[in-house]
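Dear colleague,

I am passing on the structure we spoke about, together with some notes on what came out of going through it. Please look at it first and then read on.

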Amino acid sequence: MARNLVAYGISPGCRLPVDWKCEGCDWVKSAAPARPDPTSIPSEVQSEFDAHRCDDYPTKAFESLLADFEAVDFPPEAGNLPGHGEGHVYVLCWKANGRDVPFYVGQTNRLQGRMNDYQSAQFAACTDFRVGEAIRYLRERRSLRIVARYKKSGDPCKDESTLIRDLQLSGLRLLNSLPSYDYLKADKDEERRTVQKFCEMLVENQPR
Ligand SMILES: [Zn+2]
């Protein structure tokens, strides 16, 4: 089995931890970027990598499903995402132990615009509010790093429903399954609490 060590999250001047992963299995180690060269392998990472056995780290099914998805930190910097007119399916995840744990799946022809919608989180748009509040809770209350994974799609609606199905079959729960509210009748604070409780449940039950 291949035992190459590859790094994720390296960019010039970036202070966020780099995720070092084994290409042959699910082994992962987060470490502060090495200085002065962030692409060099920190010695503690190398020694733990040398000691691990690929057989002990089977890849989680949900990670395999996202293998060919691009990744960008949320909120994405302006110009970092494709704009209008291209179909995409995307997955919002939080980072835990180097894994991207999905909590919401969507599709769009305006990827950057959707990410902006989640930052404004208007109550009148149920999904925007739900997802926006979930992101805020996970980042601010749970101090989790949020990542948007995305992939170009010729049939975004179909790819979205297939991915929702497959992620759920892998054992994950998603915000997509929460029944929507009617904003003319719903109470904003109550809906916010519902989202927060749902996220709390997700984090408590996250895959290890
Ligand atoms: Zn391995």
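The notes below take the domains first and the sheet afterwards.

Please keep in mind throughout that this is a predicted model. The domain assignment of the chain gives two parts, with domain 1 covering residues 5–59 and domain 2 covering residues 62–204, and the C-alpha centres of these two domains lie 26 Å apart. Where they meet, seven residues of domain 1 are in contact with five residues of domain 2. On the domain 1 side, the elements that give two or more residues to this contact are β2 (18–22) and β3 (28–31), and of the elements there β3 gives the most, with three residues. As for the character of that side of domain 1, its residues divide into four charged, two polar and one nonpolar.

The other feature I would point out is an open sheet of four strands, which has the order β4-β7-β5-β6 and antiparallel pairing. Its edge strands are β4 (70–73) and β6 (99–110), each of which pairs on one side only, and neighbouring strands of the sheet are turned by 30° against each other on average, with direction ignored. In general, strands of a sheet pair through backbone hydrogen bonds, and they may do so in a parallel or an antiparallel manner. Here strand β5 (residues 84–96) runs antiparallel to β6, and ten bridges join the two. If you would like a place to start when viewing the sheet, Lys-95 stands opposite Asp-100 in β6.

With best wishes

Key
Residues numbered from 1 in each chain as written. Predicted model: local features only at pLDDT ≥ 70, side-chain atom pairs only at ≥ 80, totals over all residues. Domains from an automatic or database assignment. Contact = placed C-beta atoms within 7 Å. Nonpolar A, V, L, I, M, F, W, Y, C, P; charged D, E, K, R; others polar. Pairing = 2+ DSSP bridges. Axes fitted to C-alpha atoms, helices over the stretch in contact; angles between N-to-C directions.
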